[in-house]
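Morning, everyone. I have one structure to walk you through today. Please bring it up on your screens.

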Amino acid sequence: MTEALPLELDAGREDVLARAVELIGAAWRSFDRYRETEPPIDERVRALLRAPLPEDRTPVFEALADAYRILDESIAQPRPRYFAFIGSSGLPIGVVADALASCFDVNLARYAAAATEVERQAVRWLAEFVGYPAGGGVFTSGGTVSNLTALAAARERALPGSREHGVAQRPGAFYASGEAHYSVQRAVELLGLGTAGLRKVEMDERHRLDPGALAETLDRDRAAGVTPVAVVASAGTTLTGAVDPLDAVADVCAARGVWLHVDGAYGLPAAATASHGGLFAGVERADSVAIDAHKWLYLPKACSAVLVRSAGELAAAFAHEEAYMPHEEGEPHAADLTLEYSRPFRALKLWLAFRVHGAPAFREAIERNLAQARLMADEVRRHDDLELALEPQLSIVPFRHLPGGDLDVDQHNLALAGSLQADGRVYLASAVIDGRAYLRPCVVNYRTTDADVRALVDIAREVGGRLALRR
Ligand SMILES: Cc1ncc(COP(=O)(O)O)c(C=O)c1O
């Protein structure tokens, strides 16, 4: 007789697994095509949300059905007409990899045998995919932590001993365009340099960091006794998809011995394409790069990586000697390279995805999204009542509806984004660019079709036209 364990399910676990498989299958089928409307949060879910901590058991099949209902009433980014922010696709092999990784629950804080070797291999594959000569790297929870990890290493190089003594009395600064993702500002705040320690460098008319202005700012700071810690170039900004001139920025950094970090959380996968690879020339000269596989490599969250020229620089910023975790071989543990200690096996989903699809399929999917962004821009240009904010560099295509008459165009477009979300046929968000309000679609989903792109433009005009009549 085997002893009964606590936390047994009220049904056979393999039957529960089979049910979960059915639910995932149903979700995948529902993502194959757009849906006409988004369901509201229903009464049953509302009642569940009011429930206190359960002291009684709910049958597992009932609870699973409720979980599915909740997920179905949530905004799911894998749907083909999700165009807001920078979405993801929940690539099926990634979902399967997540289930397996979660089942084995390996902790990659320290050496975990084959899983650690796979993480290292996935770092090498990712580096090769985007053309970056990485000496090392580590998977993280997202661009925010990847950027923080790289910038902490840069701080330790520029201001040695800052881990131990802090940065008081040692003025230092970081440099980025005004359009860099706000995770850069958060990193600078957390690293003790304060918001004032981030210099927002001028941009050109296409929203790319101006290397001349960067050189002047660095030289001015140096002359004033401020130590430049790192320059952050964006390889695809979140607002407009602008790619900073990486080669020219690398020249400025190399001449001054300043760390260059490339935030490619969104855009860097496009470096692997024939059509846009040239835009990223110079990335190979960076000291570090951040890439989110949960954005434009289509994987489910969370899966990001920070790649560095020299892994020793990460260890210099993060390594600890703990009594219960000796360095037997003298090699750093993975937890010595970034902030997290408990680290799930995030690399498995990228490793499996590259194996089952092959790198060419990813290049092709990214090319297709880039072509869809061009199609969207062409569709916008075809209509007199629409206006592009700027020529798209990657797959973000901000545009606005011109309602005519004396309506305030900014107010109208902010209201339009809300009306489109309520309408439910497409999901979009608004953004303010150069002080003016736009709709800001982003195409990073492998399920999105050309018909979905055309529908977005048609629905924006239809709902925008109706909204203008009501004013
Ligand atoms: C350019 C860029 N960097 C960093 C981030 C932050 O990434 P995460 O949300 O994975 O932390 C984003 C998110 O959209 C981004 O677009």
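**What covers helix α12**

Let's start with helix α12. Its buried residues are covered by elements that include α4 (92-104), α5 (114-130), β1 (136-140) and α13 (359-381). Keep in mind that this is a predicted model.

How many residues of α12 are buried? The helix spans residues 347-357, and 8 of its 11 residues are buried. So much for the count; now the names. They are Ala-347, Leu-348, Lys-349, Leu-350, Trp-351, Leu-352, Ala-353 and Phe-354. Note that a lysine, Lys-349, is on that list. After α12 comes Gly-358. Its phi is positive, near 80 degrees.

Next, the sheet. It is open and has 7 strands. Read the order with me: β1-β7-β6-β5-β4-β2-β3. The pairing is mixed. Which strands stand at the edges? They are β1 and β3 (198-201). Each has a single partner strand, so one side of each is left without a neighbour in the sheet. On average, neighbouring strands are turned by 20 degrees against each other, direction ignored.

Let me pick out one pair of strands. Strand β4, residues 227-234, and strand β5, residues 259-263, run parallel. They are joined by 5 bridges. Take Val-231 as an example: its bridge partner in β5 is Leu-260.

Now back to α5, one of the elements covering α12. This helix lies across β1, β6 (288-292) and β7 (304-308). Against β7, α5 runs at about 75 degrees.

On to the ligand. Which residues come nearest? Of the 14 residues around the ligand, they are Gly-142, Gly-143, Thr-144, His-181 and Ala-265. Helix α6, residues 143-158, gives the largest share of that shell, with 3 residues. By class, the shell has 9 polar, 3 nonpolar and 2 charged residues.

Last, the domains. There are three stretches to remember: domain 1 is 13-76, domain 2 is 96-356 and domain 3 is 360-470. The centres of domain 2 and domain 3, taken over C-alpha atoms, are 31 Å apart. Where they touch, 19 residues of domain 2 are in contact with 17 residues of domain 3. What does the domain 2 side of that contact have, by class? It has 10 nonpolar, 7 polar and 2 charged residues.

That's the tour. Questions, please.

Conventions
Residues numbered from 1 in each chain as written. Predicted model: local features only at pLDDT ≥ 70, side-chain atom pairs only at ≥ 80, totals over all residues. Domains from an automatic or database assignment. Contact = placed C-beta atoms within 7 Å. Nonpolar A, V, L, I, M, F, W, Y, C, P; charged D, E, K, R; others polar. Near = placed C-beta within 6 Å. Helix = DSSP H or I, 4+ residues; strand = E, 2+ residues; numbered from the N terminus. Buried ≥ 20, exposed ≤ 12 C-beta atoms within 10 Å, placed from the backbone. Pairing = 2+ DSSP bridges. Axes fitted to C-alpha atoms, helices over the stretch in contact; angles between N-to-C directions.
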